[in-house]
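This briefing goes through one protein model by topic. Please have the sequence and the coordinates open while reading.

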Amino acid sequence: MEENSVNLDAERIVVLMSAISEKRDVGAFEILYRHFYPRVRSYMVRMTRGNRVLAEELAQETMMRVWNKASLFDGSKAQASTWIFTIARNQMIDSVRRGVRPTFDPNDPAFVPDEFEAADTKIEREQSAAALGQAMTTLKGNYAEVLRLSFFEGLTHSSIAEKLNIPIGTVKSRIRLACEKLRNALQDDIK
């Protein structure tokens, strides 16, 4: 179909729509197409903010929808131009819905955590560290040493056993008892 624009009055458009709807008249559709396609394409160029490729595609889809849905047109409810541009608008909305969604950017400033620790969190952390340090001084040397090796140096139980030359069961028992003593000492500080 050529894109030679045709100007039609409202009565002629209704007659063409009836011919398309009732007889599937290709000639009537061609005339309607030449009239509306350039207008729909211009509308789509504005709606897509200048994306001419997408505008052409959407205008084509709109005109195909007019051909396929012509039987749904009711001239008593709206003018043909209103009905066609409503189809065009809906095509645009469908296109946006089908569109590519932006990918998640972990470096987006909205998702990057603040560099500074909140004052109340910092004070709470410092108080907890001080209380834990104070509670650690109440532990006997053997218990404090296994905790230091396990939690501060990150050694495994078997590595601690080798380093201290004691059975692994003893290492586990000392860690468990040391944690219980720390828990009791910290609870006493809270009371």
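Helices here are DSSP runs of H or I with at least four residues, numbered from the N terminus. By that rule, S150 lies in helix α6, which spans residues 141-152. The model is predicted. The protein has eight helices and zero strands, and its pattern along the sequence reads α-α-α-α-α-α-α-α.

**Overall figures**

- The protein has 191 residues, and buried residues make up 28% of them.
- About 13,100 Å² of the protein is exposed, and carbon and sulfur atoms supply 52% of that area.
- Among contacts with a separation of 6 or more, 56% are between residues 24 or more positions apart.

**Nonpolar cores**

- The largest nonpolar core holds 30 residues, of which M17, L32, V40, M44 and V66 touch the most other members.
- At least two residues of this core come from each of α1 (10-23), α2 (26-47), α3 (52-69) and α4 (80-98).
- The helix that gives the most to this core is α2, with ten residues.
- A second core, separate from this one, has 16 residues, including M136, Y143, V171 and I175.
- Residue V66 is in contact with M17, F29, L32, W83, I84 and I87, when residues up to four places away in sequence are not counted.

**Helix pairs**

- Two packed helices are described by the angle between their axes and the distance between the axes.
- For α2 and α4, the axes come within 11 Å and cross at roughly 40°.
- The pair α2 and α4 is therefore oblique, since that angle is neither under 35 degrees nor in the range of 65 to 115.
- The crossing of α2 and α4 is right-handed.
- On the α2 side of this pair, the residues in contact are L32, F36, R39, V40, Y43, M44 and M47, and they meet S81, I84, F85, A88, R89, Q91 and M92 of α4.
- For α2 and α3, the axes come within 9 Å and cross at roughly 145°.
- The crossing of α2 and α3 is right-handed.
- In the α2 and α3 pair, V26, F29, L32, Y33, F36, Y37, V40, R41, M44 and V45 of α2 meet R52, A55, E56, L58, A59, Q60, T62, M63, V66 and W67 of α3.

**Loop residues with positive phi**

- Residue R49 sits in the loop between α2 and α3.
- Phi of R49 is near 55°, which is positive although the residue is not glycine.
- R49 has a relative accessible area of 79%, so it counts as exposed, the cut-off being over 50%.
- Residue N165 sits in the loop between α7 (157-164) and α8 (168-190).
- Phi of N165 is likewise near 55°, a positive value in a residue other than glycine.
- N165 has a relative accessible area of 69% and therefore counts as exposed.

**Single residues in helices**

- Is S150 of α6 buried or exposed? At 15% relative accessibility S150 is buried, because buried means under 20%.
- Apart from neighbours within four places in sequence, S150 is in contact with L155, H157, I160 and I175.
- I175 also belongs to the second, separate core of 16 residues.
- S21 is part of helix α1, and its relative accessible area of 23% makes S21 partly exposed.
- Which residues does S21 touch, not counting residues up to four places away in sequence? They are A70 and S71.
- S21 and S71 are 50 residues apart along the chain, yet their C-alpha atoms are separated by 4.5 Å.
- E30 is part of helix α2, and with 28% relative accessibility E30 is partly exposed.
- E30 and L16 are 14 residues apart in sequence, with 9.6 Å between their C-alpha atoms.

Key
Residues are numbered from 1 along each chain as its sequence is written. This is a predicted model: local features need pLDDT of at least 70, side-chain atom pairs count only at pLDDT 80 or more; totals for chains, interfaces and linings use all residues. Side-chain values use heavy atoms; hydrogens and water are left out. A nonpolar core is a set of buried Ala, Val, Leu, Ile, Met, Phe, Trp, Tyr and Cys residues joined through side-chain atoms within 4.5 Å. Buried means under 20% relative accessible area, exposed over 50%, partly exposed in between (1.4 Å probe, protein chains only). Contact means heavy atoms within 4.5 Å. Accessible areas come from the Shrake-Rupley method with a 1.4 Å probe; for residues, only the protein chains shown count as cover. Axes are lines fitted to C-alpha atoms, for helices over the stretch in contact, and angles run from 0 to 180 degrees between N-to-C directions. Angles under 35 degrees count as roughly parallel, over 145 as roughly antiparallel, 65 to 115 as roughly perpendicular and the rest as oblique. A crossing is left-handed if the near helix is turned anticlockwise from the far one by less than a right angle, and right-handed if clockwise.
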